[in-house]
Amino acid sequence: MPEPLLEVSDLRIRFGGFTAVDGLSFSVRPGEVLGVVGESGSGKSVSMLGVLGLIRTPGAKISGKVVFRGRDLLALKNAEMRAIRGREIAMIFQDPMTALTPVYTIGWQIAEQVRAHEKVSKRAARDRAIKLLDEVGIPAPEQRVDAYPHEFSGGMRQRAVIAMALSCNPALLIADEPTTALDVTTQAQILDLLRRLRADHGSAVVMITHDMGVVSEIADEVLVMYGGRAVERGSRTEVFHSPRHPYTWGLLDSVPRVSGPRVRRLPTIPGTPGAAGQGCPFADRCTHRLAACAEAPPLSGTAGHLDACWLPEEEKTR
Amino acid sequence: MIGYILRRFGAAVLVLFAISVLVFLIFFATPGVDPAARIAGKNADPATLAQVRASFGFDRPLPVQYVLMMKHLFVSHDLTSFVNRGTLVIPQIIDAVPVTLSLVVGAAVIWMVLGVGMGTLAGAMRGTLVDPLVMLLGVFGVSLPVYWLGEVVNLITQKQLHGSVFSWVPPLGYAPLSQGVGQWALHLLFPWLTLALLYAGIYARLLRGELINALNEDYVRTARAKGLSERRILIRHALRCSLIPIVSLFGLDFGALVGGAALLTEVVFGLPGVGKLTYQALQNLDLPVIMGTVLYAAFFVVLANAVVDVLYARLDPRVRRA
Ligand SMILES: Nc1ncnc2c1ncn2[C@@H]1O[C@H](COP(=O)(O)OP(=O)(O)OP(=O)(O)O)[C@@H](O)[C@H]1O
Ligand SMILES: [Mg+2]
């Protein structure tokens with residue numbers, strides 16, 4: 001098994017008294033796609049922002065270990081971290097409509113990133129931008145390179161953002177719900193694009209989503225998050241074919257099937273899912289609740305398929 | 001872009017025409033008032049009245065009157081003030097313009113530099129002690145009325161400390177550029193600072209708010225994820241976008257000040273500018289002068305607006321299409 005590219009252990013992120021990420025651990029190997037799923041507010045974005053050192057909220061406390069290529073990112077100086085951001089680890093955000101600075105052309109913004117990390121001429125950076133735009137499927141890139149963000153559709157903007165993220169050939173691409181704001185057809189195209197780019201560039205990808213369908217299409221490994229914790233982790237086949245955590249069961253059942261009715265549904269509960277102080281964060285919504293759930297279950301299991309649930313082993317296999 | 005500029009200035013010309021008609025109607029077509037008596041001033045003798053009536057065509061239809069008035073104003077430049085018997089109005093305004101322009105341009109440079117500097121500093125240093133300190137300074141500037149501050153400045157620099165620290169301060173008044181840049185600037189220094197202080201405070205406060213909003217925008221997060229330096233993110237991304245509303249406000253303020261809104265500063269510092277001219281004309285009910293300055297002010301406000309719109313389109317690609 002190759003060395004992990006990124007290894008996060010016991011990541012904890014607190015905003016004042018609120019714990020958004022509570023002891024999260026996972027790893028990504030080179031070239032691998034990790035799908036991170038979980039509903040809104042489960043801490044997916046915050047944990048990735050924490051990995052990249054992008055949390056600027058005053059009073060936010062981040063602890064744990066984030067080792068990337070042998071270096072602990074949380075211990076790096078600002079300047080060292082800047083050299084990694086955008087060059088070795090790139091990130092794409094949820095909403096392509098607002099992700100680009102409105103007053104500069106697309107090409108300028110791509111060239112800016114290239115020139116932040118490599119000593120190349122303006123001309124060369126622009127040529128690279130055109131090549132990248134072509135690669136992500138923007139028609140007539142020689143002209144479009146001079147367009148402003150508002151002249152692009154949402155799908156085109158997301159393509160432009162992806163082109164920008166890929167401009168320095170990062171070893172790891174973190175994509176935070178890159179398709180959520182787009183219509184279904186465009187979503188499929190963007191996923192296709194990411195898959196193709198991964199084959200061409202060999203980057204590892206962390207794909208954040210709350211859509212199990214997306215995960216099943218693209219991920220090698222799956223991390224299921226709930227209330228700021230990992231509740232299940234394993235290969236795609238394992239998680240989809242023998243899910244072990246009640247929350248994952250619910251997630252899988254909520255994916256619309258082509259035939260047959262939905263089997264189980266998550267009960268809707270008022271309030272937001274957040275990390276409970278003690279105990280299993282999912283306990284309040286769990287139909288299999290036990291007395292032991294008052295205490296948080298550790299993430300444990302065998303051979304790469306882990307889950308955090310007190311249910312006896314035989315009940316975890318459905 | 002060229003098309004946009006042409007369209008914008010075409011619109012400005014139309015607006016100016018509309019304003020001139022409106023001003024004309026207000027001054028001369030108000031029912032129940034004899035416009036000749038207004039122009040000639042209080043207690044004018046019948047001969048003057050008759051002369052005014054003939055030269056402005058007050059016995060002829062309104063459109064003809066309008067054309068005649070504009071001719072007096074813009075072609076023959078011979079609109080006369082009857083209060084100050086025989087003084088021509090237009091040359092008076094033309095003499096006053098450089099004074100006002102000198103005052104406002106200098107103050108504008110100072111307040112933009114101060115305002116943008118303070119606003120950026122406060123916005124970028126939010127969460128530290130610098131932010132509230134700078135903003136306190138801004139509030140201080142905003143809350144001092146120009147006439148009071150001006151009088152205090154005069155008291156100190158012209159009287160109390162004139163014998164010692166401020167012996168280099170020239171007497172109140174204006175020194176044209178023909179007397180040398182040094183004298184010109186020296187005479188205007190305190191008027192500039194006094195006028196600029198108020199606006200610097202307002203602009204700093206506004207920019208700080210804009211900047212803090214911009215720094216929370218998604219595109220700033222993208223810029224950070226790109227690995228740009230904090231300084232570049234602040235200046236090239238956040239500040240660049242925050243300046244857009246500042247520029248449009250600046251255009252309006254600048255236009256209004258050149259148009260006569262610097263009146264208080266001009267009066268306090270004895271600068272014979274447009275504001276002071278208007279002020280005197282109002283005191284004497286000198287109608288031709290009032291009308292002249294109103295039209296002049298309108299001209300500058302409209303012009304400044306047009307320039308701002310063009311600048312705005314340069315700064316913000318999103319409005320260029322419109
Ligand atoms: N800057 C912040 N200050 C305080 N709380 C925050 C901050 N950012 C996020 N949170 C909280 O952390 C929790 C996790 O948020 P996060 O954005 O990671 O959710 P998510 O899993 O990405 O959800 P979504 O699918 O909606 O994007 C939420 O409850 C959120 O309110
Ligand atoms: Mg999110």
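# Ligand 1 and the A–B interface

User: Which residues come nearest to ligand 1 in this one?
Analyst: This is a predicted model. In it, 15 residues surround ligand 1, and A:Ser40, A:Ser45, A:Val46, A:Thr57 and A:Glu177 come nearest.

User: What does the side chain of A:Thr57 do there, in terms of distance to a nitrogen atom of the ligand?
Analyst: An N or O atom in the A:Thr57 side chain is 2.7 Å from a nitrogen atom of ligand 1.

User: And which atoms sit by the ligand oxygens, say for A:Lys44 and A:Gly43?
Analyst: For A:Lys44, a polar side-chain atom lies 2.9 Å from an oxygen atom of ligand 1. For A:Gly43 the atom is a backbone N or O, 3.1 Å from an oxygen atom of the ligand.

User: Switching to the chains. How many residues are in contact between A and B?
Analyst: On chain A, 26 residues are in contact with 22 residues of chain B.

User: What area do they bury?
Analyst: About 2,300 Å² between chain A and chain B, with 58% of it on carbon and sulfur atoms. On the chain A side, A:Val103, A:Glu112 and A:His150 lose the most area to chain B, together 24% of what that side buries.

User: How many salt bridges across the interface?
Analyst: The rule finds three between chain A and chain B. A:Arg56 and B:Glu230 meet in a salt bridge through their side chains, at 3.1 Å from N to O.

User: And polar contacts, how many residue pairs?
Analyst: Twelve residue pairs are in polar contact between the two chains, counting pairs with both residues at pLDDT 80 or more.

User: Which elements of chain A give two or more residues to that side?
Analyst: Those are β6 (89–92) and α3 (106–117) of chain A. The largest share comes from α3(A), with six residues.

User: What's the split by class?
Analyst: The side of chain A that touches chain B has 14 nonpolar, seven polar and five charged residues.

User: Different topic: A:Arg159. Where is it, and is it buried or exposed?
Analyst: A:Arg159 is in helix α6 of chain A, residues 154–165. Its relative accessibility is 13%, so A:Arg159 counts as buried; the cut-off for buried is under 20%.

User: What is it in contact with, leaving aside neighbours within four places in sequence?
Analyst: With those left aside, A:Arg159 is in contact with A:Val136, A:Gly137, A:Ile138, A:Gln189, A:Ile190 and A:Leu193.

User: And how far is A:Pro96 from A:Arg159?
Analyst: A:Pro96 and A:Arg159 are 8.8 Å apart in space, C-alpha to C-alpha, and 63 residues apart in sequence.

Terms used. Residues numbered from 1 in each chain as written. Chains lettered and ligands numbered in written order. Predicted model: local features only at pLDDT ≥ 70, side-chain atom pairs only at ≥ 80, totals over all residues. Heavy atoms only, no water. Contact = heavy atoms within 4.5 Å. Buried area = accessible area lost by both parts, 1.4 Å probe. Salt bridge = Lys/Arg side-chain N within 4 Å of Asp/Glu carboxyl O. Polar contact = N/O pair within 3.5 Å; in protein donor to acceptor, adjacent residues only side chain to side chain. Helix = DSSP H or I, 4+ residues; strand = E, 2+ residues; numbered from the N terminus. Nonpolar A, V, L, I, M, F, W, Y, C, P; charged D, E, K, R; others polar. Buried < 20%, exposed > 50% of the residue type's maximum accessible area, 1.4 Å probe, protein only. Near = heavy atom within 4 Å.
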